[in-house]
2 protein chains.
Amino acid sequence: MAPTHPPHVVAQLYEAYLRVSNVVLEVGKTFDARIRPAHSAVFFHMEHDGIRLGRLAEKAQMTPQAMGELVDDLEELGYLRRVPDPGDRRAKLIVFTDQGDKALLTGYAAIDEVERRLATLLGEQGLTDLRATLSRIIADF
Amino acid sequence: MAPTHPPHVVAQLYEAYLRVSNVVLEVGKTFDARIRPAHSAVFFHMEHDGIRLGRLAEKAQMTPQAMGELVDDLEELGYLRRVPDPGDRRAKLIVFTDQGDKALLTGYAAIDEVERRLATLLGEQGLTDLRATLSRIIADF
DNA sequence: ACCTCCTACTAAGGTAACCTGAATATAATG
DNA sequence: CATTATATTCAGGTTACCTTAGTAGGAGGT
């Protein structure tokens, strides 16, 4: 069940998120069309010194199996590698390849670009206020 | 490709949307556990005098086939009915049953409740500002 | 060492929410 | 009328998850 007639804030939040995130997604698609939105969860939660599948899944709030598939994809595409975890021979550490590092930097740049565009649109103060307002909503709901 | 380290506005928008919409979704689930989030698109875009499947799909930005499945579900659950369109025998009008009307009102009430809660949290002025800011973002992106 | 319990990961199969392509019925148009 | 367009439906596919059930390798107690 969802919204109703005029611009409800719930609907506005959704719409604003869609539009803004789309800019970032487009950059990703341009970088490598084989990378899908679902893969962003991996880049988002990766750790540069390597991370285990279970922890990555936990951070992304999904099952290790689901995360395993995403990692499989990105490994096949050359963005990640699985190396044995020296501290636990059951486990593997997921690490970035050089190509993976480059993709991550491209993603960061796209997000920073969106922030700059928002600062221009709303003014520095306006962006600060928006951030504060969203934080309050997140904390309260 | 998506976010990065600190609270980026993109991520904040998403998180705020998730939290706020969850309140509405919970109300829906309590009303009838068989109604799924995907069905909200139907309630959102319905028109009280009846609407054709194609138009409903168009408003919700999905294919008529996908929308058809959602309408099938809600018809089976007793919230909608398909009646022949008197003006075009190829088409059918999708209309609410009494039960559908009741569900819609419940949804509206849940959304209004969220708005009231936001007004309390942010103040009337704060909510007005947030709405204006989101509108600007939507218009610009 | 040995046995039990745990943990990381993999395999197999399922579901929800979409999609594309093709069929069918009816309309609209030259 | 014959042609082309429109409204819906039918069949089957894809993506992004999930659940259930292994398997291989550690860790601790005896």
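## Two protein chains and two DNA strands

Strand E1 (residues 51-52) of chain B pairs with strand E3 (residues 92-96) of chain B in the antiparallel sense, over 2 bridges. Strands pair here if DSSP finds at least two bridges between them. Helices (H or I, at least four residues) and strands (E, at least two) are DSSP runs, numbered from the N terminus.

This is a predicted model, in which local features need pLDDT of at least 70, side-chain atom pairs count only at pLDDT 80 or more, and totals for chains, interfaces and linings use all residues. Residues are numbered from 1 along each chain as its sequence is written, while chains are lettered from A and ligands numbered from 1 in the order in which they are written.

**The strands of chain B.** Ile51(B) stands opposite Ile94(B) in E3(B). E3(B) also pairs with strand E2 (residues 80-84) of chain B, again antiparallel, over 5 bridges. There, Val83(B) has Leu93(B) as its bridge partner.

**Where the chains meet.** Chain A puts 46 residues into the contact, and chain B puts in 46 residues. Two residues are in contact if their C-beta atoms, placed from the backbone, lie within 7 Å. On the chain A side, helix H1 (9-31), helix H2 (40-45) and helix H5 (98-140) each supply at least two residues. H5(A) gives the most, with 19 residues.

**Around the DNA.** A residue is near a strand if its C-beta atom, placed from the backbone, lies within 6 Å of it. DNA strand C is surrounded by 22 residues; the closest are Leu53(A), Ala91(A), Thr63(B), Ala66(B) and Arg89(B). Helix H3 (53-59) and helix H4 (64-76) of chain A, with helix H4 (64-76) of chain B, each supply at least two residues of this surface.

DNA strand D has 23 residues around it, and Ala66(A), Arg89(A), Arg52(B), Gly54(B) and Ala91(B) come nearest. Here H4 of chain A gives two or more residues, as do helix H3 (53-59) and H4 of chain B.

The table sorts the residues of each surface. Ala, Val, Leu, Ile, Met, Phe, Trp, Tyr, Cys and Pro count as nonpolar, Asp, Glu, Lys and Arg as charged, and the others, Gly among them, as polar.

| Surface | Nonpolar | Polar | Charged |
|---|---|---|---|
| Side of chain A that touches chain B | 30 residues | 10 residues | 6 residues |
| Surface near DNA strand C | 8 residues | 5 residues | 9 residues |
| Surface near DNA strand D | 8 residues | 5 residues | 10 residues |

**Domains.** Chain A is divided into domain 1 (33-96) and domain 2 (109-141). These bounds come from an automatic or database domain assignment. The C-alpha centres of domain 1 and domain 2 of chain A lie 29 Å apart.
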